[in-house]
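Open the structure in your viewer and keep the selection tool at hand, since each stop on this tour begins with something to select.

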Amino acid sequence: MAQMKFLCDAERCIECNACVTACKNENEVPWGVNRRRVVTINDGSPGERSLSVACMHCSDAPCAAVCPVDCFYTTDDGVVLHDKDICIGCGYCFYACPFGAPQFPTTGAFGSRGKMDKCTFCAGGPEEDNSAEERRKYGANRLAEGKLPLCAEMCATRALLAGDGDTVSDIFRERVTWRGSSGLAWGWGVAYSKPGLRNSRDVEGKAAGKD
Amino acid sequence: MNQTKPWQTPCAVVLSRMLTALFALVLVMPLFAPQARADGGVTAGKVANPGAELWREVRQREAPLAGATQVTGMDSGVLINTLGEQWRRFRMEQLVPVAGALIGGVLGLIILFHLFKRGVRLEHGRSGNYIERFKEIDRILHWYVATVFIFLALTGLILLTGRVVLIPVFGHEVFSAIASASKEGHNLFGPLFLLGVVGLFIRFVSKNFPGKGDLGWLLKAGGFLGGKHPSAGFFNAGEKIWFWLVIVVGLTISVTGLILEFPFFGQDRPLMALSLVLHGVGAVLLVAGLFGHIYVGSAGMEASLESMTTGYVDVNWARQHHDQWAEVCEAEGAVIAGEDLKKKQQLRGTKNRVPNRPATEEGQ
């Protein structure tokens, strides 16, 4: 089976936030919740780069590891999902996640958290595929319809890639070869400084096809 | 999901190992151990994320990891939160197993000790005369804190260890309901514990400064070593240590608990993770200590419990366990004969406050 992954090409992302908007619209997420966000480093300075970030659907997901009620599961496609009927809104997944993916609507009294909401790779939840219940709780299930996540489909510059990890890797490698730079998606070390850094870390391998 | 589950290792852990582990846990505080971030676990698994190199680069950059973003959420500008992985490891590989081993170990030791030693008896039986030890307000305060703490400990332990202990028993759906109720109850009654700790401090701090005989009491480990019962004042050194543990650790878990309970004052993830670590370590220490406190105050020491139920203790008990205090009371004439005490309590409308037992030395 496929192992679904996201990859954002920092050389291409133009911080248009279309992925964020597409996600919000497609999944009808609650107020205050953004399953996807674009982060810009060195905003307004030379070397500015933007990255679109959401749940990375980790193989060894920290959110699933710390969840006190064990509400996470990984689908056959490698998508990390959770069961909102089990979730108690404790927030531990948010503290464990490296990417800040889990989001919480503040619905309860005294600012207490509601049930966690995060990117589903447009794969819905544990309910029956494309049922009204699934749509209400988790948003779209495009994967069940044979489509990829809307954020990536919507991306005007094709910076955000989504799909099987191997395929995404191939597409990205091809791009990198065309660009004639190193295997780093982060164009940083290429365009602006420190060629020695790349060499010392021996990261030329992928660009040279030695991987 | 094929993560290893460290709690599934055999539970037969010797005490020394547990104490060493706890010691290391408290002192080293692995949250700050830089080696824990060696491989973030983000790329583990069969298929490496094609963006792994990108993320590694982001994480290894010298500049701060925060950037600008249109999304206004907590830590939205932070690309990688490396502390999360360290907190995960601490919680799942250290806190949960050590909590289980420590609490289970202390409980087991107490049961073993009671089976073989049967606790401390009154050496000279009952005198039938009494000294007032705790006023009503102190007793109310004590049982208030006890009730709140036991409730918080139970709900907290459900949240901490329920995934390991209770999900296999009840299943995910039922445990989710239990955990949800525990979380709400824990949050609701948590702040009441802080009031109790402040109350305990106000009422008992004056009697808990280190004093004459404390060092000797500690050297003899309260009578375990050297046979003879060491001299002690109103509170012995053991009780004083318990008091300061309750105050210091109690305040720590109260403050960290409030930080965790109201997440809308701009607390970021590092602060929340640190609070969870301190809250968990402190709570586990207090629960383990509580078992000892309950044992020594009930089955482990004859006639101890009366001081917190009726407020009065037998003079022989006072002489045996708190000789300095008993001496002062007797010199001040604070000793009340059993009959007088009964009359006094009947006048106040309270019945059977003093155990209706004849003095054992006189026989029946």
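Start in chain A of this predicted model by selecting strand 2 and strand 3 (residues 49-53), which run antiparallel and are joined by 5 bridges. To follow the pairing residue by residue, pick Arg37(A), whose bridge partner in strand 3 of chain A is Val53(A), and then Thr40(A), which stands opposite Ser50(A) in that strand.

Keep Thr40(A) selected and add strand 1 of chain B, where Ala68(B) is the bridge partner of Thr40(A). Here strand 2 of chain A pairs with strand 1 (residues 68-69) of chain B over 2 bridges, again in the antiparallel sense.

Now show the three elements together: the strands form an open sheet in the order 3(A)-2(A)-1(B), with antiparallel pairing. Strand 3 of chain A and strand 1 of chain B are at the edges, and each has a single partner strand, so one side of each is left without a neighbour in the sheet. As for strand 2 (residues 37-41) of chain A, this strand is mostly covered, with 4 of its 5 residues buried.

For the last stop, move to chain B and select helix 3 (residues 83-117) and helix 8 (residues 269-297), whose axes come within 10 Å and cross at roughly 5 degrees. Because angles under 35 degrees count as roughly parallel, helix 3 of chain B is roughly parallel to helix 8 of chain B. Display the side chains where the helices meet, including Trp87(B) and Phe90(B) from helix 3 and Phe291(B) and Tyr295(B) from helix 8. The residues of this contact divide into 19 nonpolar, 3 polar and 1 charged.

How values were computed:
Residues numbered from 1 in each chain as written. Chains lettered and ligands numbered in written order. Predicted model: local features only at pLDDT ≥ 70, side-chain atom pairs only at ≥ 80, totals over all residues. Buried ≥ 20, exposed ≤ 12 C-beta atoms within 10 Å, placed from the backbone. Pairing = 2+ DSSP bridges. Axes fitted to C-alpha atoms, helices over the stretch in contact; angles between N-to-C directions. Parallel < 35°, antiparallel > 145°, perpendicular 65-115°, else oblique. Contact = placed C-beta atoms within 7 Å. Nonpolar A, V, L, I, M, F, W, Y, C, P; charged D, E, K, R; others polar.
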